[in-house]
Amino acid sequence: MTFMAGTDELGTLLERVGLFIVTGVTKSGTTWLQRLLDSHPQIACGGESKLNVLLTHLAPAIREYNTALSKTNAKIYKQEAVYRELGEPQLLTAMQYFFLDRLSAVQHAAEATGKNGALRWIGDKDPDYKRQLGTWRAILPQARVISTTRDGRDCFVSLWFHLFPDREPLAADNRADFVGRIKGHAATWRDTMAKFQKDSAGFPGRHFSLRYEAMLEDTPAEMTRLFGWLDCDAEPATIEKIVARNTFSALSGGRRPGEADAQSFLRKGIAGDWKNHFDEECNALYCEVAGEALTAAGYEVS
């Protein structure tokens with residue numbers, strides 16, 4: 001019986017390469033990092049699988065299935081029932097299957113660039129992994145996690161312009177909506193930082209954290225650290241090629257960092273832009289919820 005086209009080859013590949021996932025708060029540099037990783041001759045990184053959407057819906061679907069099965073067994077088959085309810089083992093196995101299927105696309109992309117034989121790591125980037133990171137650890141017990149950290153206020157401002165490129169946050173018509181979203185985002189950012197800290201402590205050597213601001217300041221140094229952690233080629237010539245291919249200017253069509261295009265996914269490419277769009281009330285609201293986490297992560301709160 002043939003299950004999935006390409007998975008035999010992928011299964012063979014995974015016997016000699018490692019798995020990883022890239023995640024972070026939305027607009028914290030995960031897409032940039034994914035492209036940097038995928039540019040390495042020994043790494044293939046796809047983005048974004050959106051498998052967390054499937055995970056979110058699969059658990060309720062299994063519960064609904066179990067309810068239907070239980071009713072049928074109780075009414076008709078009783079002690080003769082053959083089928084038992086599905087549980088967490090089946091859920092984890094199903095998600096492993098879907099992850100394997102998604103990675104087959106990453107493998108094919110690597111083949112197209114001619115680097116399949118040199119691969120040492122293959123993975124997927126999706127900010128959604130952060131939502132149920134503990135479950136994904138169970139689904140992918142051998143995988144490594146690479147996370148990004150960025151000042152939550154910059155994440156919030158960048159996300160606002162991603163969703164509403166034509167709406168200046170503090171304009172009269174937009175202020176109430178902008179301010180009304182601050183505490184919710186701050187809670188998400190705070191809780192995500194706590195998840196990453198817990199995961200890093202719980203899985204020593206299998207969680208690597210990158211700071212977006214450090215990546216902007218010295219991309220070659222941060223990539224040297226990351227590729228060294230993955231035990232991949234981190235020679236200066238290799239790093240130089242990867243970084244040059246993925247500068248803000250190269251990816252944005254020629255703009256320099258700070259030259260904003262609100263309509264572009266790569267809007268501005270700088271750190272600290274929140275100061276241009278927050279007033280004292282906005283900052284106070286964000287810090288009320290996430291101030292301690294911001295301070296712990298090394299960000300100024302005043």
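Helices (H or I, at least four residues) and strands (E, at least two residues) are DSSP runs, numbered from the N terminus. This is a predicted model, in which local features need pLDDT of at least 70, side-chain atom pairs count only at pLDDT 80 or more, and totals for chains, interfaces and linings use all residues. Residues are numbered from 1 along each chain as its sequence is written, and side-chain values use heavy atoms, with hydrogens and water left out.

**View 1. The whole protein, with its 13 helices and five strands.** Welcome to the overall picture. Along the principal axes, the C-alpha atoms fill a box of roughly 70 × 50 × 35 Å. Of the 302 residues, 46% are buried; buried means under 20% relative accessible area, exposed means over 50%, and partly exposed lies in between (1.4 Å probe, protein chains only). The protein exposes about 15,400 Å², and carbon and sulfur atoms supply 53% of that area. Accessible areas come from the Shrake-Rupley method with a 1.4 Å probe, and for residues only the protein chains shown count as cover. A contact means heavy atoms within 4.5 Å. Among contacts between residues at least 6 apart in sequence, 74% join residues at least 24 apart.

**View 2. Strand E1 (residues 18-24) and its parallel partners, E3 and E4.** Two strands pair if DSSP finds at least two bridges between them. Five bridges join E1 to strand E3 (residues 121-125), and E1 also pairs with E4 over five bridges. On the E3 side, look for Leu-19 opposite Ile-122. On the E4 side, Ile-21 stands opposite Val-145, while the bridge partner of Thr-23 is Ser-147. Seven of the seven residues of E1 are buried. Gly-18, Phe-20, Val-22 and Gly-24 point one way from the strand, and Leu-19, Ile-21 and Thr-23 point the other way.

**View 3. Strand E4 (residues 144-149), within its surroundings.** Five of the six residues of E4 are buried, so the strand is largely enclosed by the rest of the structure. Besides E1, E4 pairs with strand E5 (residues 207-211), again in the parallel sense and over five bridges. To find your way into this pairing, start at Ile-146, whose bridge partner in E5 is Phe-208.

**View 4. Leu-14 in helix H1 (residues 7-14).** Leu-14 is partly exposed, with a relative accessible area of 24%. Not counting residues up to four places away in sequence, Leu-14 touches Leu-19, Leu-100 and Ile-122. Leu-14 and Ile-122 are 108 residues apart along the chain, and their C-alpha atoms are separated by 8.3 Å.

**View 5. Helix H2 (residues 30-38), a mostly covered helix.** Seven of the nine residues of H2 are buried. They are Thr-30, Thr-31, Trp-32, Leu-33, Gln-34, Leu-36 and Leu-37. As a guide for reading such a view, an α-helix has 3.6 residues a turn, so residues three or four places apart point the same way.

**View 6. Two cysteines, Cys-45 and Cys-287, that are in no disulfide.** A disulfide is a pair of cysteine sulfur atoms within 2.5 Å, and by this rule the count comes to zero. For Cys-45, the nearest cysteine sulfur is that of Cys-232, 12 Å away. Cys-45 is buried, with a relative accessible area of 2%. For Cys-287, the nearest cysteine sulfur belongs to Cys-282 and is 11 Å away. Cys-287 is also buried, with a relative accessible area of 17%.
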